[in-house]
Amino acid sequence: MFHPATSGRMPGLLLCTALALSACAEAPNATPALDTPTLAPASTVNAAPGNSATTEQLPAEPSISFEAWRDAFRPKALAVGVQAELFDRAFAGVSPDLSVVKADRSQPEFTRPVWEYLDGAISATRVRRGQALLAQHSGTLTAIEQRYGVDRNVLVAIWGMESSFGQFTGDKSVIRSLATLAYEGRRPQFAEDQLLAALLILQHGDIAPAGMLGSWAGAMGQTQFIPTTFNSHAVDFDGDGRRDIWNSSTDALASAAHYLQASGWKLGEPWGYQVALPSGFDYALADSDVRKTVTEWTEQGVKVPAVAVRADEQAYLLLPAGHRGPAYLVFGNFRAILKYNNSSAYALAVGLLSQRFDNSVQLPQNWPRDDLPLSRSERIELQEQLAARGYEPGAADSIIGANTRKAIRGFQQSIGLPADGYPTQHLLQRLRAQ
């Protein structure tokens, strides 16, 4: 969960929105760093967001040696309660990891569309494995549900997405990775805060330095918590005296449940439903800031499935692939997943995977698979073209966020296109033509 590049985890739980992993059927599903239908590598976690107005300015080379940085950092650690002996033991033999620097500064040019991401995230193999683990850990999951009020299927779905059910948890020293990022990364203060939190985890005795392994960005364990999230939400649910999200699936699942509980998850309520939109629908309403009750959406002509959902439940409309793809009404539990990893594609994958465990939903087939996603350079060009026409998309950083989507809608409306805020090759061509 290096994810969330938005909450204290780097966004979410985790830091990953800043980093990036790719979703494949059996490898950990990296968090897409962009909360946009066209996925760019991400959180995540594996996740690290970032981009440029053509070329991102990389941080200057450190002006001091790593040893001098470490010696200056040591008093900060001692000031928050880290024992000198533990600090020296944790840093024994630690040097900068150049592979971490490279990963932090990488800017993948090409991305996969959301439907390919979901194809990997919700593979038949992952579904079968999740179903088997739901049966195997039934007793533990019942106890977790009773304690934290979080549905078991979504916990197992997150477990599958974050580490392929504990198979891929990262093999890098978290202390070394975070020290490297604090010394010469793009976000040194964030990395330093995580490093202090990691040292406090060691001091608490939850894990030994040699066992504190994770992603290059510092996401740890079977549920990929960053250190600050671990300190605030990890729990010892198996009663062995340690909060061990590395080796105890019980602790990992309960910790994820504790985080989701704090994020507002409501037991037994839906995360969302696929819906049908009427002809002539105003696609500008598909915005996370536009929230209506189920009753109000139906009055707009939205066809909601005949399922148990309160008519006064607030929801917003999600179009993960624009007006040509499927549409979803998503509720408060969807927003709770977003706090774990601030990517709508990730949250959608978790929701759909959790339903597939019960065979209660068929995956949507109406994806615009002929739509080639924009590359990073093309997304930057799109933003520059919009800005040149006065639509104010924000920084030309390739991230299709709220400002860019609003700018896209404005341009789409000006030329009579469905105002879904979705970036496409056709849209970029129209901007170039003007």
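This is a short exchange about one residue and one pocket in a predicted model.

Trainee: What should I keep in mind about this model and its numbering?

Mentor: The model is predicted, so local features need pLDDT of at least 70, side-chain atom pairs count only at pLDDT 80 or more, and totals for chains, interfaces and linings use all residues. Residues are numbered from 1 along each chain as its sequence is written, and side-chain values use heavy atoms, with hydrogens and water left out.

Trainee: Why is H137 called buried?

Mentor: Buried means under 20% relative accessible area, exposed over 50%, and partly exposed in between, with a 1.4 Å probe and protein chains only. H137 has 14% relative accessibility and therefore counts as buried. Of the 434 residues in the protein, buried ones make up 57%.

Trainee: Which residues does H137 touch, not counting residues up to four places away in sequence?

Mentor: On that basis H137 touches W159 and S249, where contact means heavy atoms within 4.5 Å.

Trainee: What makes a residue part of the lining of a pocket?

Mentor: On a 1 Å grid over the protein atoms alone, a pocket is an open set of points where a 1.4 Å probe fits, with protein on both sides within 12 Å along at least five of seven lines, and lining residues have an atom within 4 Å of a point. The second largest pocket is lined by 23 residues, and P270, W271, S354, Q355 and S360 lie nearest its centre.
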